[in-house]
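Hi,

Here is the structure I promised to send over. Have a look at it first, and then read my notes underneath.

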Amino acid sequence: DRASRNGVGASGLKVSFEFFPPKTEAMEETLWASIERLAPLSPSFVSVTYGAGGSTRERTHATVARILQETSLKPAAHLTCVGASKAEIDAVVDGYAETGVRHIVALRGDPITGLGTVYQPHPDGYAQASDLVTAIRRRHPEIEVSVSAYAERHPESRDWQTELDNLKRKVDAGATRAITQFFFDNDLYSAFLDRAAAAGINIPIVPGIVPVINFTQTAKFAEKAGASVPAWFAARFEGLEDDASTRQLVAAAVCAEQVFDLVDRGVNEFHFYTMNRADLVYAICHLLGMRPAKADGVEALSALSPRERVG
Ligand code: FAD
């Protein structure tokens, strides 16, 4: 039906999935197996990240192009400002437009010198994400632009005023959706929504959800990204360092707990950081009431490749 083609399943919820471009053939296989598994859930879009400092420029493009060619999913290409001139970035954007990409996640990016070091804009580049949003919308008004948001503030931001001013600038530049950095404490997200609303920010702020496949790794990444890990959350994974199968079950339960609580708070759209793995995210979506489009239905067919449809 029309609703499910627009990414709204019978559950009334919308989901999107984030992937990273694969480095090796084996990783490419894992990614595509995951995309095939998740596609029948009719996500609103699937996004593909851009490696730090633009290191995956070609691979991001290739992955997005393959999604466009072989599936009916709507890809969103991440793009960052770091380490490239305006002309180089514009060329990437034009390339996407030509390939048929109609959604870009516009970001500043982390310093090339590593997380935690001071960000230096490229001398001829776009300095902040808001500048990139302006440029994309000016060159290609047909391209939808999403941006980042931080329920716990960006690690570099001085205060809430700076943070909200920055998000507002991105909205004024033409962004129509914000996706948050992951968080584990839903109260912080709710408080952020209130602050954003009070600041006159009225685009959807979609929670970014990370299923915790490996707690130790996630905790390390969270520290760098400025996402707090509450003690009660850490306690759920305690003692499971060498017990991958229990960890997997606990991860599903913990993530389900988080998304159900968000649903109770009125959230109806989720962005999942999949790490290119389908199982946990598929299970959470199932619990949320999402079901694959029926095998004999138009939506299921449309999720398959043109080749498969013909054959
Ligand atoms: P911006 O929105 O530009 O803001 C960065 C900081 O600068 C904020 O603290 C802001 O308050 C401050 N600021 C902005 N303008 C001003 C101003 N005029 N004066 C003072 N302060 C200002 N990174 C990648 O490399 N590749 C990816 O694919 C990627 N995908 C991401 C997806 C999501 C959903 C999220 C949340 C993050 C992603 N990141 C990615 C990480 C992101 O690049 C980093 O968090 C980066 O440090 C900030 O980028 P931004 O777009 O959030 O920056």
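Below is what I found, starting with the sheet and ending with a pair of helices.

Keep in mind that this is a predicted model.

The sheet first. It is an open one with 9 strands, paired in parallel and running in the order 7-6-5-4-3-2-1-9-8. Strand 7 (205–206) and strand 8 (208–209) are at the edges, so to speak: each of them pairs on one side only. Further in, strand 3 and strand 4 are parallel partners, joined over 4 bridges. If you want a spot to zoom in on, find His78, which sits opposite Val105 of strand 4.

Now the ligand. How many residues surround the ligand? There are 22, and Thr49, His78, Arg108, Ser148 and Ser157 are the closest. Two or more residues of this shell come from each of strand 3 (75–80), strand 4 (103–107) and helix 6 (160–172). Helix 6 gives the largest share, with 3 residues. Sorted by class, the shell holds 12 polar, 6 nonpolar and 4 charged residues.

Helix 6 also has a neighbour to look at. Its axis and that of helix 5 (residues 129–139) come within 8 Å and cross at roughly 5 degrees. Angles under 35 degrees count as roughly parallel, so helix 5 is roughly parallel to helix 6. On the helix 5 side, Ala129, Ser130 and Val133 make the contact, and on the helix 6 side Asn166, Arg169 and Lys170 do. Those residues split into 2 nonpolar, 2 polar and 2 charged.

Cheers

Notes: Residues are numbered from 1 along each chain as its sequence is written. This is a predicted model: local features need pLDDT of at least 70, side-chain atom pairs count only at pLDDT 80 or more; totals for chains, interfaces and linings use all residues. A residue is near a molecule or strand if its C-beta atom, placed from the backbone, lies within 6 Å of it. Ala, Val, Leu, Ile, Met, Phe, Trp, Tyr, Cys and Pro count as nonpolar, Asp, Glu, Lys and Arg as charged, and the others, Gly among them, as polar. Axes are lines fitted to C-alpha atoms, for helices over the stretch in contact, and angles run from 0 to 180 degrees between N-to-C directions. Angles under 35 degrees count as roughly parallel, over 145 as roughly antiparallel, 65 to 115 as roughly perpendicular and the rest as oblique. Two residues are in contact if their C-beta atoms, placed from the backbone, lie within 7 Å. Two strands pair if DSSP finds at least two bridges between them.
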